[in-house]
Amino acid sequence: MSTPRILGTLSRLALVGLMAVAAVGHPVAVLGSAAAPVAESEAFEALVDRYLAEVRGIGSARGPNDMSADSFARALETQRLVLQALEAIDRSTLTFDQDIDYRFLDSILRSGVVWGENVQRWRQNPGSYVAAGRFMYRLTADPRPPAERAAGMVADLQLLRARLANGKDNVDQYVPRWTLEAVEILDGFVVVLENDLPAFAGRVPQRLRGELLAENERALAALRDYRSFLTDELPGRPEGDWRVGAEVFNAMQELRYMFPEDDVHLRRIARGQPGFTRVPDYHDWGWKQFEIIKHHLEVKARLIDPERTWLEILRDEKEDHFFAEQLVFKHHEAARASRDWVIDNDLVSIPWDDDDSIMEAADPSRWSSQWWGFGPGVPAGQTITRKSAWRIIPVAPDWPDDIAEQNLSEKDASFMYAIATHEVYPGHHLQSLYRNENPRRLRVYAGSYSNQSWCYYVEWELTPDPKYGWFPPDKQEIYALETLRLKLWRLGRVIIDSGLHTGRMTYDEAVELESETIGFVLRGAQINIDGITGGGSRTAAPTVGYYQWMLLREDYFQKMRELNQRGTLKDFHDRVYKIGFLPVVLVRETMFHDLEEEFS
């Protein structure tokens, strides 16, 4: 996309309007909003359903996406058409909540069009055609009867074969690290199909068992053929440039995340210069914040042991890690304990009694693309069960001893305690439960960066606070030091994400920053950086969102004082979960609107 085209998209968004803040705690609607009518607009609700069906494939009768080149072109055109229909809606006919959703949907569609017109990962990332997430859910976590799950798995494996065939046609750019990762993911998936699927097939009726096993053999043959393509043919194709460039990067900041370019309050709390949410200033701001956190680490380390640096203290601590055979159960204990911790400290309402997250070892297909683990996920719209799994990556049996030891050292108790509340309660798992109860359908199925930002808030503000007593008392200071290191890690993402995608940092420099300065082992650092190369601002945005949540928390208490009410931390938290994890500017406007409605 040319520069004028991107800037034109941005200027059109300005007419739709984000949100202006005239004073702390006093949101002001921008041009185009109006007093909310009594009845909801049926036309807008129908458009939301159209977006979910045609763009997201939710509740749609269409076939699954086979990832052909034509499918990507159709998907982009569909977004353009839905955006045109959205622009044709008269916003004065919308209720307040509909207008919030209008702006959320507008941000999703506009950013999606900019991304689709400028970034073609489907021509660069061969691993995307091997994605096994839905299949693995059916195999390991789906609560339905085995026969129902097996029918879906047959369809998944048929779709996999179609996607692998299209991947061989589509991927015409060679990105070495992504290709290596694709091979490792593929090899892990083969292990699952060779060992785990036949065991599951024994639980289904004979006729369906034969169909599933036959389809499994065809899928294994297709995977082996695709592996040959990855190792023998793809390296001969032109090398691809995965950088998205400054224009697309800034467009995502403006459109997808709805970051105000010069929000004076955000600047104040984040110590940012005017326009700091845009590169090149964004990159410089990341370094500034990074150095601030480093200074705090140094100060805290001197209080613990003046003879060692903060990194030496933490590396010494991590040598005392769990044994491999303890790893999954120890994290299971932490997952369950995080729920009790939220209840004991009255941090946020948990209105269910069948929601406790479980712990499980991740499938082998995740051993290469992840290093630690990944958060629990009750699927959007899921009503069968509220249980999900916080998956931890076990030691792979073919890892060399030194790699296995490094991996275990990075999943030690200090990291587990620091991250458990982020992943389970009151973090991602509890978020997903509230999401599925949200009456606004768009908010059930569409998410934003603020979901991760909120977990940063939990991790950095609530988890290490000694008055809540999450850390073992004898480990309070060292585990708080680890939490501060993880904050440094996420500030590093601002530097790395903006640096890699705009030519201000090389891949090797990014790996060095994560390994030598932040303290991850080399393999973990490489996996982190590989993920950032695929995103293009996605991993950096939640860090800014953390500062937005901190500012909103301050302003909530000021607003409650203004309304002669007693604000509480739990009330603030509950309101956020019930509104949903929209871009924070929209959560802010909704919260203050609701407070005015209740108390003014």
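**Figure 1. Helix 11 (281–304), helix 18 (450–462) and helix 19 (476–501) each supply at least two residues of the lining of the second largest pocket**. The model is predicted: local features require pLDDT of at least 70 and side-chain atom pairs pLDDT 80 or more, while totals for chains, interfaces and linings use all residues. Residues are numbered from 1 along each chain as its sequence is written, and side-chain values use heavy atoms, without hydrogens or water. Helices are DSSP runs of H or I, at least four residues long, numbered from the N terminus. Helix 11 makes the greatest contribution to this lining, with six residues. The pocket (an open set of points on a 1 Å grid over the protein atoms alone, with protein on both sides within 12 Å along at least five of seven lines; lining residues have an atom within 4 Å of a point) has a volume of about 340 Å³ (the space filled by probe spheres set on points joined across faces, edges and corners). Ile292, Ile293, His296, Leu484 and Lys487 are the closest to the pocket centre among the 16 lining residues. By class, the lining comprises nine nonpolar residues (Ala, Val, Leu, Ile, Met, Phe, Trp, Tyr, Cys and Pro), four charged (Asp, Glu, Lys and Arg) and three polar (the others, Gly among them).

**Figure 2. The largest cavity is lined by residues that include Trp454, Tyr457, Val458 and Leu462**. One cavity (points where a 1.4 Å probe fits but cannot get out) of 30 Å³ or more is counted in the model. The largest cavity holds about 30 Å³ of space. Its lining is completed by Leu347, Val348, Pro426, His573 and Tyr577. Helix 18 and helix 23 (569–579) each contribute at least two lining residues, and the largest share, four residues, belongs to helix 18. The lining of the largest cavity has eight nonpolar residues, one polar residue and no charged residue.

**Figure 3. Helix 18 crosses helix 22 (541–562) at roughly 65°**. The axes of these helices (lines fitted to C-alpha atoms over the stretch in contact, with angles from 0 to 180 degrees between N-to-C directions) come within 8 Å. On the helix 18 side, contact (heavy atoms within 4.5 Å) involves Ser450, Gln452, Ser453, Trp454, Tyr456, Tyr457, Trp460 and Glu461. Helix 22 meets these residues through Ala541, Pro542, Thr543, Gly545, Tyr546, Trp549, Met550 and Arg553. Nine nonpolar, five polar and two charged residues make up this contact. Trp454 and Tyr457 of helix 18 thus appear both here and in the lining of the largest cavity.

**Figure 4. Helix 22 packs with helix 23 at an angle of about 120°**. The two axes are 11 Å apart. Helix 22 takes part through Trp549, Leu552, Arg553, Tyr556, Phe557 and Met560, and helix 23 through Leu569, Asp571, Phe572, Arg575 and Val576. Eight of the residues in the contact of helix 22 with helix 23 are nonpolar and three are charged, with no polar residue. Trp549 and Arg553 of helix 22 also belong to its contact with helix 18.

**Figure 5. Val279 and Pro280 are joined by a cis peptide bond, as are Tyr425 and Pro426**. Omega is about 10° for the bond between Val279 and Pro280, and Pro280 lies in the loop between helix 10 (264–270) and helix 11. For the bond between Tyr425 and Pro426, omega is about 0°. Pro426 is located in the loop between helix 15 (413–423) and helix 16 (428–437), and Pro426 also lines the largest cavity.

**Figure 6. Met67, a residue other than glycine, has a positive phi**. The phi value of Met67 is near 60°. Met67 occupies the loop between helix 2 (42–55) and helix 3 (69–87).
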